[in-house]
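User: Could you take a close look at one loop for me? After that, carry on through whatever else you find worth showing, in one go.

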Amino acid sequence: MTDMKKKKDTPSPDQDKAIHLNGTSLLVSAAAGSGKTFTLVERIVDSIISGRYNVDELLVVTFTNAAASEMKERVEKKLLEASKTHKELLQQLVRLPNASISTLHSFCQSLIRQNFTQLDLDPKFRLGGEQEIGLMKESVVEELFEEKYSEGNKDFLSFVQQYGSDRDDEELYAMILRLYEFSRSQPEPDKWLDGLSERFDVKDDTSLKDTPWYEEVCDDIRRVLRGAADKAEYLAQRSVENGCEPYKETLEEDKARTEKLIEMLENGTWDELQAGINVSFPRIKTIRGGDDVAKKEIKDGRDEIKDAYKKLKEFYFFASEEDIIEDLRAVRPFAETLCRTVKDFGKAFQRAKKKKSMLDFNDLEHYALQLLLEKDAATGRFTGRVTDTAQKLRQKYKEVMVDEYQDTNGVQEAILQCIQNGSNMFAVGDVKQSIYRFRLADPMLFLKKQEEALKHPDDMKALFLKENYRSRKEVLGVVNFLFSQFMIKPEMELDYDADAALYAKADYGNPPENSFDEAPAELVLVNMDDKNDDEEEDLEGLELEAHVIAKRLLELKEENRQVFDKETKQYRPICWRDMAVLMRSVSGKAQTIVEVLRSRGVPAYASLDAGYFEEVEVRLMLSLLAVIDNAHQDIPLAAVLHSPIVGMDAAELAELRAGSNDGDLYDALAVSDNKKAVKFREKLVDWRRISRRAGVPELLHTLYLDTGYYDYVGAQPGGILRQANLRMLSDRAFDYEKTSFRGLFRFLQFIRNMQKRKTDLSSARTLGENEDVVRIMSVHMSKGLEFPVVVIANIGKKFNTKDTSETLLMHRELGIGPYCTRTDGPLKWRYPTFARQAVSMRLMRECKAEEMRILYVAMTRAREKLIMTGNVGGLGKKVLKWCRVLQNSDAAIPGYVVMEANSWLDWIAPAVMRDEECGERLRGFADYAGGVTEFGYDSESLGTFSMSVSITPAVADKVTEQEHSAPEWEERIRKQLPLPETESGKAKKSILDWVYPFAIDTPSKFTVTEIKERVHAVHSDEQEEPLMLPGIVNKNEEQDFPMPDFMREPSEKSADTFTGADYGTLMHRVLEKIKDYPKGIESVEKSVDALAESGILTEEERQAVNISALNAFFESEIGKRMQKARAVYREQSFSMLVDASRFGYEKSRESENMIFLQGVVDLFFEEDDGNIVLVDYKTDRNTTPDSIRERYAVQLALYREAVERSTKKKVKECYIYRLSDHDAVKVETDIPVHVDSL
């Protein structure tokens, strides 16, 4: 077998050029799996070894902190290896921790801290958390609107009246915040905002052709008309093929009319175009007899041509040129007020952050840019000249390297241009993998720079890494075949040409017979038109698709398919963790797939980026918090009452509600004598008191303990995950209170705002990297990962084009796309402007281009096997529509077909159908009888296309008993039956009976109390064996576990009902919390009352406190010695290791066998002589000094040992203070503590 490791570590010719080419800036387009990180690291190490620069004279900018850490680790590993032969590199390893290898934000933060005096910033500034920044923005925008309302500015009031809602200003708030955030991706936000309103300054002699939106509109009109003309030509051909010749003449007239309009786009006027679009279509001729199916196909196709004209009429030609121009002028006051308000918000937001010495991530970029670019003193705008600070950085950094360059934005690009000197920039990325448009990444920056580099190679050279070291040639053949057809300019922003294609270089050695070598990719469609109405369950499309996925994955496992292990360089049987199911979005879908896969016996786990607030345990705790904040909320209160926390059933809730006709549910609860209601009311009072004096994290901790709900969910299925979710809620509250915001009400408001903005959190994750389960994740989460088998699911899902329908559209080049609002008295209406339609179409085009890049990322995650699945309704009509491309001889699918796509399937299916063999199943589904025109796909260089296509009816395979039945031996073990006396049975029995040979019975931990009970039992002849491990239950003994608080019947608790343990705990707590030394009964009573008032004691506990016992202690000799002591320590916990042999355990053969001992010392104090007196309180009744000495001597001896170890001082006296008898009993503790000797 070929040594893949050696091959991988040897650079390819393209990689070698990227590693060693110097003296010029380089832009490296590194395709998926081409060894981008390998090339970066090799270039760094090669440059250091060759002496071009030291490691700390390099700036490497990565996209994530994890990528930066990985880069540093790889560089360190390479330098360590090289230092074995180049000792001088040891100095570089010393410098490495100071190397500038980080994210751009980390670099900017470091730059700002070094130059804060130039920016008038507090040197102790901090980065605000996402939640704190979000709350601050909302607060600032609300205050800004209040301020502007009070000013009574007419322009602002008109703006609110025309574009706001009658209910509230939430829509305007969102508009301001979105435009502000969008503007911050520009190097000069205010300048960009000013330019937005200037676009609407349309002069009297201006025509539509002079506006910045006209070219975009014409491109779309041309694309739609081209599609209509080609469709008319296709239908004319189909009419001849199917015996419908009379239709041909009408269709040819349609084509001619449409092509005339396309010509008119170049030299005609808008009004002429409008007249041509509004023309009526002649009726198609009637044909008697013939093929009704063919006639319907042609008529339906012609209706699509009419619909295309109708769309253009409604979308663009809704008004004359004069009216459109007038609408643009009418919008200018709105644009000016909007941009002015956004700038005012920006200033107010900056003041609010400065007041708290806080920055956000956008500030890091813009403050860094201020340090690097000079500003004009008069205008405050950048001059384009770099500052002295930038010059120093240019001198410091011999090379500037940028990873994931395709994901940068305008302001980040400006920062990088300030630092590089024109010939020392090394930028690497892959624009085909730019999938972060929602984070305002601008892939056009990469494309424009690439075009410039190809035109002017003297300024910057463009290199292409095209060789793929990840996937099999079968997978790459599919990727190249598909994307070469539909990734085209200008629709998808770039062409998938020879430089963009992937070339297989991965060495998979000598594959065994059942590997994926030569295995075709798969396209599996679930035909929802075949759904069986008699199905017992009404399964949705995705659920039916999930059954198909589960069946296929089970088949791969049962076939014992062999996958190539990249670590061992050997083939091995496929595992579940080798498979992944990727989707465009997992929200609301992943759990469906997980449940279906698990029901079919496929272990699965979903990586979710949302859904946290929908978890039952989280919803319940938020409801409880809401009730504590305001109990007069029926829905949260009902949820809590019906939950295990209170335990009311439906009948009790109904009875509760019926018990009071007036008021809300809480009013009914307040007068109810139901025991559960009474107990809950009492608890609610306590929790409200805590919420007023403590933070939300402390309140949540109290709720978890008081209700026992944390333990309750831990005992449920998935308990570890549920408890992790509850801990996450506490962590979220803790993070919230680290901000300047406090209080339960504001925390709940913050959570509601998160839910309203749909910024949900991901649930807690408890999955390890090597868990053998099928991963279900979004494509975004999969970026950077790879799997032997990848299933791309739900490919028939429609694209999310919400960005094209927002109230205000925005684009970095075309500006804003507003509605034009008109009023007539109380009436108000709005309609889209010409600018809005242009921006909408550009956003639609960019949205679909990003969707295509996301599909590319998904497909290139597969190493050996690619499966694509989708559920489709109306499949017959769609297949007929896809057939339009079959007569096209061009290598690429027409742009209008690409733009008409509404799902990934609308791209994949037409491309597959163009293959004579692989597309036969789909063509046959539509009874397509026409031929398939050959097109120019270069299979020799791009790889052979091989894909099996199957269409399955929408019927879920029933889970058979065989699928789920366990083996016989497993069933016998489950039923505790003996295994059969066979060789197999004996082998399994020997495994089950195996005992770890080095096991010892020594517990790992004891408490001092347990030791004391052990000694007491030895003296009482109660036991002769060493103590059992704490928490271990003897299954042969009947256990009496205490019932959790939330399951106990409510009862009135008074001082008389306190148990001995309750009373002892209470008195210890009071003696700990009384910090002063009261004199006399009244003084003690006041101190205890103060504890009750502060919430430390409940009223019932206050009544149970023995005031006279406390007073006796403070007036006793030992109490007075404490009051005079140099230092006093109360309730001091300790931990120490002790030899297990002291407590009757044998030493381990391999170690000294230590026990971890824990305890809490009630009181010890240091007197003037420097020695310590130790006191332990006891509330035991009916004891004598001798009996209490005997019972507690070991306990005090261990306390003494712990205190002496920790303080390094001598304990001269030990006492037990008997609170019941008001006296101190001295205990001798000089003897060593050994259980066997006592």
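Analyst: Let's start with Asp 120, which sits in the loop between α6 (104-114) and β4 (126-127); helices (DSSP H or I, at least four residues) and strands (E, at least two) are numbered from the N terminus. Keep in mind that this is a predicted model, where local features need pLDDT of at least 70, side-chain atom pairs need 80 or more, and totals for chains, interfaces and linings use all residues. Numbering runs from 1 along each chain as its sequence is written, and side-chain values use heavy atoms, without hydrogens or water.

What catches the eye at Asp 120 is the backbone: phi is positive, about 55°, although this is not a glycine. The residue counts as exposed because its relative accessibility is 55% (exposed is over 50%, buried under 20%, partly exposed in between, with a 1.4 Å probe and protein chains only).

Towards the other end of the numbering there's something to set beside it. Lys 1208, another residue other than glycine, has a positive phi near 60°. Its loop runs between α48 (1185-1207) and β30 (1211-1218), and at 71% relative accessibility Lys 1208 is exposed. One more backbone oddity: the peptide bond joining Lys 489 and Pro 490 is cis, with omega about 0°. Pro 490 belongs to the loop between α20 (473-486) and β12 (503-504).

Loops can be hidden away, too. Take Lys 432, in the loop between β9 (425-429) and α19 (443-455): with just 3% relative accessibility, this lysine counts as buried. Its side chain makes a polar contact with the side chain of Asp 430, at 2.9 Å (N or O atoms within 3.5 Å, one able to donate a hydrogen and the other to accept it; residues adjacent in sequence count only if both atoms are side-chain atoms). A polar atom of the Lys 432 side chain lies 3.5 Å from the backbone oxygen of Ala 500. Setting aside residues up to four places away in sequence, Lys 432 touches Ala 31, Met 487, Leu 494, Tyr 496, Ala 500, Arg 853, Tyr 856 and Val 857, contact meaning heavy atoms within 4.5 Å.

Now for the strands. Thr 821, in strand β22 (residues 819-824), is buried because its relative accessible area is 8%. Beyond four places in sequence, Thr 821 is in contact with Gln 162, Tyr 163, Lys 828, Trp 829 and Arg 830. Two of those partners, Tyr 163 and Arg 830, turn up again in the lining of the second largest cavity, along with Met 175, Phe 334, Thr 807, Leu 808, Pro 818 and Tyr 819. That lining has 6 nonpolar, 1 polar and 1 charged residues, and the cavity holds about 40 Å³.

A cavity here is a set of points on a 1 Å grid where a 1.4 Å probe fits but cannot get out, lined by residues with an atom within 4 Å of a point. The whole structure has 3 of them at 30 Å³ or more, and the largest comes to about 60 Å³. Around the largest you'll find Arg 584, Asn 794, Ile 795, Lys 797, Lys 798, Phe 799, Asn 800, Glu 851 and Trp 904. By class, that makes 3 nonpolar, 2 polar and 4 charged.

Have a look at helix α36 (residues 905-913) as well: 9 of its 9 residues are buried, so the rest of the structure largely encloses it. Among them are Asp 906, Trp 907 and Pro 910.

Further along, Val 1161 in strand β28 (residues 1154-1166) is buried at 2% relative accessible area. Tyr 1199 is 38 residues away in sequence, yet the two C-alpha atoms are 6.4 Å apart. Past four places in sequence, Val 1161 has Arg 1130, Glu 1131, Gln 1132, Phe 1134, Leu 1174, Tyr 1199 and Val 1203 as contacts.

Zooming out, the chain has 48 helices and 31 strands, and its C-alpha atoms fill a box of roughly 120 × 90 × 80 Å along the principal axes. Of its 1238 residues, 51% count as buried. Among contacts with a separation of 6 or more, 75% join residues 24 or more positions apart.

Terms used:
On a 1 Å grid over the protein atoms alone, a cavity is a set of points where a 1.4 Å probe fits but cannot get out, and a pocket is an open set with protein on both sides within 12 Å along at least five of seven lines; lining residues have an atom within 4 Å of a point. Grid points are joined across faces, edges and corners, and a volume is the space filled by probe spheres set on the points. Ala, Val, Leu, Ile, Met, Phe, Trp, Tyr, Cys and Pro count as nonpolar, Asp, Glu, Lys and Arg as charged, and the others, Gly among them, as polar.
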